[in-house]
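Reader: I should like to learn how to read the features of a structural model, one at a time. Please give the general idea where there is one, and then the case at hand.

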Amino acid sequence: MSEKEMTTLDAISPERKRLLDALSTGSYDTITELCEAADTSRQTYYAALQDKAFVDELFRNTSGTIYAAIPKIMDKVVK
């Protein structure tokens with residue numbers, strides 16, 4: 001992890017870090033379920049999505065998962 005990445009992650013609040021963890025480890029049907037799992041509010045969730053540093057970190061953490069899921073998604077779409 002680069003120094004810039006560490007600085008960005010260190011600058012993210014504990015609530016937003018919990019959101020990142022929940023987003024990277026679970027699957028939720030609603031935003032309410034996600035926020036409950038992350039022990040944070042929906043307001044924190046929506047504010048986090050407006051923050052470039054949070055969104056950048058989210059994509060950095062989850063892009064591998066997204067790419068890994070593409071074959072499964074395509075299989076369901078084709079059938």
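Author: The dialogue below goes from the overall fold to a helix contact, a core, a loop and an aromatic pair. Please keep in mind that this is a predicted model.

Reader: How many helices and strands does the protein chain have?

Author: The protein chain has 5 helices and 0 strands. Read from the N terminus, the order of elements is α-α-α-α-α. Of the 79 residues in the protein chain, 22% are buried. Among contacts with a separation of 6 or more, 51% join residues 24 or more positions apart.

Reader: How is a pair of packed helices to be described?

Author: Two packed helices are described by the distance between their axes and by the angle between those axes. Here, the axes of α2 (residues 14–25) and α4 (residues 42–49) come within 10 Å and cross at roughly 85 degrees. The two helices, α2 and α4, are therefore roughly perpendicular to each other.

Reader: Which residues make the contact?

Author: Helix α2 contributes Glu15, Arg16 and Leu19, while α4 contributes Thr44, Tyr45, Ala47 and Ala48. By character, the residues of this contact comprise 4 nonpolar, 1 polar and 2 charged.

Reader: Is arginine 16 buried or exposed?

Author: Arginine 16, which lies in helix α2, counts as buried because its relative accessibility is 18%, and the cut-off for buried is under 20%. Leaving out residues up to four places away in sequence, arginine 16 touches Thr44, Ala47, Ala48, Asp51 and Phe54.

Reader: Which residues make up the largest nonpolar core?

Author: That core has 11 residues in all: Ile12, Leu19, Leu20, Ala22, Leu34, Cys35, Ala38, Tyr45, Ala48, Phe54 and Leu58. Two or more residues are given to this core by each of α2, α3 (31–37), α4 and α5 (52–78). The largest share, 3 residues, comes from α2.

Reader: What is leucine 19 in contact with, leaving aside its neighbours within four places in sequence?

Author: Leucine 19 is in contact with Leu34, Ala38, Thr40, Thr44, Tyr45, Ala48 and Phe54 when those neighbours are set aside. One of these partners, alanine 38, is 19 residues from leucine 19 in sequence, and their C-alpha atoms are 5.2 Å apart in space.

Reader: Where is alanine 38 placed?

Author: Alanine 38 is in the loop between α3 and α4. With a relative accessible area of 2%, alanine 38 is buried. Beyond four places in sequence, alanine 38 touches Arg18, Leu19 and Ala22.

Reader: How should the sign of phi be read?

Author: Most residues other than glycine have a negative phi. Aspartate 39 has a positive phi of about 55 degrees, although it is not a glycine. Aspartate 39 is likewise placed in the loop between α3 and α4. At 59% relative accessibility, aspartate 39 counts as exposed, whereas alanine 38 is buried.

Reader: Finally, how is an aromatic pair to be read?

Author: An aromatic pair is read from the distance between the ring centres and the angle between the ring planes, and planes over 60 degrees apart count as edge-to-face. The count here comes to 1 aromatic pair. Tyrosine 45 and tyrosine 46 form that pair, which is edge-to-face, at 5.1 Å centre to centre and with 75 degrees between the planes.

Reader: What is the relative accessibility of each partner?

Author: Tyrosine 45 counts as buried at 13% relative accessibility. Tyrosine 46 has a relative accessible area of 37% and is therefore partly exposed. Tyrosine 45 also belongs to the largest nonpolar core and to the contact of α2 with α4.

Notes:
Residues are numbered from 1 along each chain as its sequence is written. This is a predicted model: local features need pLDDT of at least 70, side-chain atom pairs count only at pLDDT 80 or more; totals for chains, interfaces and linings use all residues. Side-chain values use heavy atoms; hydrogens and water are left out. Axes are lines fitted to C-alpha atoms, for helices over the stretch in contact, and angles run from 0 to 180 degrees between N-to-C directions. Helices (H or I, at least four residues) and strands (E, at least two) are DSSP runs, numbered from the N terminus. Angles under 35 degrees count as roughly parallel, over 145 as roughly antiparallel, 65 to 115 as roughly perpendicular and the rest as oblique. Contact means heavy atoms within 4.5 Å. Ala, Val, Leu, Ile, Met, Phe, Trp, Tyr, Cys and Pro count as nonpolar, Asp, Glu, Lys and Arg as charged, and the others, Gly among them, as polar. Buried means under 20% relative accessible area, exposed over 50%, partly exposed in between (1.4 Å probe, protein chains only). Rings of Phe, Tyr and Trp (its six-membered ring) pair if their centres lie within 6.5 Å; planes under 30 degrees apart count as stacked, over 60 as edge-to-face and the rest as tilted. A nonpolar core is a set of buried Ala, Val, Leu, Ile, Met, Phe, Trp, Tyr and Cys residues joined through side-chain atoms within 4.5 Å.
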